[in-house]
Amino acid sequence: MSVHFEIKKITTETLRKMKFDKEKITMLTAYDFTTAKMVDAGGIDAILVGDSASNVMAGFETTLPITLDHMIYHAQCVVRGVERALVVVDLPFGSYQSNSEKALESAVRIMKESQAHAIKLEGGSEVEDSIKKIVNAGIPVMGHLGLTPQSIYQFGTYKVRAKEEDEADKLLKDAKLLEELGCFAIVLEKIPAKLAKMVSENISIPTIGIGAGADCDGQVLVYHDMVGMNKDFSPKFLRRYLDLYSEITGAVSQYVKDVKSAEFPNDQESY
């Protein structure tokens with residue numbers, strides 16, 4: 001029987017065991033109670049309360065504007081809807097980069113105020129001190145390498161990262177460093193599949209890919225993209241499992257029509 005079905009509550013240790021047993025890890029984002037409840041009921045292993053809430057919930061162009069208070073609010077909503085999945089929360093831009101004291105303070109606030117299970121932050125050697133401090137305080141940390149959306153203005157593009165040898169070497173070194181520092185897993189975003197395979201084989205902690213090929217130890221997608229609520233976003237790595245945009249707009253149109261024509265409510269729907 002797979003680890004997935006044996007476990008009543010997924011922990012960071014469960015994910016390590018899944019890698020060891022060569023069982024793929026599943027992860028989706030959620031930002032509210034209702035979605036979290038459905039995603040958890042669907043059997044997901046981990047839920048990421050991502051700073052992508054900045055895009056899909058708040059309508060910002062980048063992940064940069066979302067604040068720590070916003071992230072805590074979204075995490076609180078998600079935790080209340082989850083019974084089984086591991087809940088990981090993004091540290092937002094500006095809450096950990098400047099100094100390790102601030103990073104620890106931000107991580108502690110998320111853990112205390114939301115009761116989530118772990119935090120995620122972007123970067124390698126640049127954020128070494130922050131990771132060290134947070135891990136030493138007993139807070140589980142998930143790393144994030146490759147395309148790191150909080151650095152978008154530095155990159156200037158959302159294209160695939162680490163195609164060149166220098167950047168690929170640094171990424172592999174950073175992955176090993178994150179493992180040494182005590183991270184329990186690493187998200188690899190938009191890097192060549194070959195490099196993601198190499199990283200996954202060279203570290204003992206799980207890798208979770210998004211646009212990083214099939215050889216990562218798990219996969220993550222943004223829920224709104226996966227169920228087709230965003231019709232304008234179509235990266236190569238995205239598989240849409242539903243077309244909710246059409247379903248929902250169709251249902252709203254029908255409701256408008258029924259109300260305008262006095263078809264709704266009918267006698268059975270009235271008191």
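User: In the loop between which two strands does Asp217 lie?

Analyst: The structure is a predicted model. In this model, Asp217 belongs to a loop rather than to a strand or helix, and its place is given by the strands on either side. These are strand S7, residues 207-210, and strand S8, residues 218-221.

User: Is Asp217 buried or exposed?

Analyst: A residue counts as buried under 20% relative accessible area. Leaving aside neighbours within four places in sequence, Asp217 is in contact with Lys19, Glu23, Lys24, Ile25, Ser200, Ile205, Pro206 and Thr207. Because its relative accessible area is 13%, Asp217 is classed as buried.

User: In what order do the eight strands close into a barrel?

Analyst: Strands of a sheet pair through backbone hydrogen bonds, either parallel or antiparallel. Here the pairing is parallel. Neighbouring strands of this sheet are turned by 25 degrees against each other on average, with direction ignored. The barrel order is S1-S2-S3-S4-S5-S6-S7-S8.

User: Which residue in S3 is the bridge partner of Val49?

Analyst: Strand S2 covers residues 46-49 and strand S3 covers residues 86-90. The two pair in the parallel sense over four bridges. In S3, the partner of Val49 is Val89.

User: Which residue in S7 stands opposite Ile186?

Analyst: Strand S6, made of residues 185-189, pairs with S7 in the parallel sense over four bridges. The residue in S7 that faces Ile186 across this pairing is Thr207.

User: Which residues of S7 are buried on one side and on the other?

Analyst: In a regular strand the side chains alternate between the two faces of the sheet. Both faces of S7 are covered. On one side the buried residues are Thr207 and Gly209, and on the other they are Ile208 and Ile210.

User: How many salt bridges does the structure hold, and which residue meets Asp21 in one of them?

Analyst: Side chains of opposite charge can pair when their charged atoms come close. The structure holds 13 salt bridges. In one of them, N and O are 2.9 Å apart, and the side chain that meets Asp21 is that of Lys17.

User: What are the relative accessible areas of Asp21 and Lys17?

Analyst: Partly exposed residues lie between the limits of 20% and 50% relative accessible area. Both values fall in that range, so Asp21 is partly exposed at 37%, and Lys17 is partly exposed at 39%.

User: How many residues apart are Asp69 and Arg109?

Analyst: Asp69 and Arg109 form a salt bridge, with their closest N and O atoms 2.8 Å apart. This pair links distant parts of the chain: Asp69 is in helix H5, residues 68-81, and Arg109 is in helix H6, residues 100-114. The two are separated along the chain by 40 residues.

User: Which residue is linked with Asp69 and Arg109 in a network of salt bridges?

Analyst: Asp69 is partly exposed at a relative accessible area of 47%, and Arg109 is partly exposed at 30%. The network joins this pair with Glu113.

User: Which residue of the Arg161 and Glu167 salt bridge is buried?

Analyst: The closest N and O atoms of Arg161 and Glu167 are 3.1 Å apart. Glu167 has a relative accessible area of 29% and is therefore partly exposed. With a value of 15%, the buried residue is Arg161.

User: Which residues form the nonpolar patch on the surface, and what is their accessible area together?

Analyst: Val259, found in helix H12 (residues 244-260), has a relative accessible area of 39% and is partly exposed. A patch residue needs over 30% relative accessible area, so Val259 passes that limit. The patch consists of Ile248, Val252, Tyr255, Val256, Val259 and Phe264, with a combined accessible area of about 520 Å².

User: What distance separates the C-alpha atoms of Tyr241 and Val227?

Analyst: Tyr241 lies in the loop between helix H11 (223-226) and H12. With a relative accessible area of 52%, Tyr241 is exposed. Tyr241 and Val227 are 14 residues apart along the chain, and their C-alpha atoms are separated by 5.4 Å.

User: Which residues does Gly81 touch, not counting those up to four places away in sequence?

Analyst: Gly81 is found in helix H5. Its relative accessibility is 6%, so Gly81 counts as buried. The residues in contact with Gly81 are Phe33, Ala36, Lys37 and Asp40.

Technical notes. Residues are numbered from 1 along each chain as its sequence is written. This is a predicted model: local features need pLDDT of at least 70, side-chain atom pairs count only at pLDDT 80 or more; totals for chains, interfaces and linings use all residues. Side-chain values use heavy atoms; hydrogens and water are left out. Patches are made of residues with over 30% relative accessible area and no salt bridge: like charges are joined within 9 Å, nonpolar side chains (Val, Leu, Ile, Met, Phe, Trp, Tyr) within 5 Å. Accessible areas come from the Shrake-Rupley method with a 1.4 Å probe; for residues, only the protein chains shown count as cover. A salt bridge is a side-chain nitrogen of Lys or Arg within 4 Å of a carboxyl oxygen of Asp or Glu. Buried means under 20% relative accessible area, exposed over 50%, partly exposed in between (1.4 Å probe, protein chains only). Contact means heavy atoms within 4.5 Å. Two strands pair if DSSP finds at least two bridges between them. Axes are lines fitted to C-alpha atoms, for helices over the stretch in contact, and angles run from 0 to 180 degrees between N-to-C directions.
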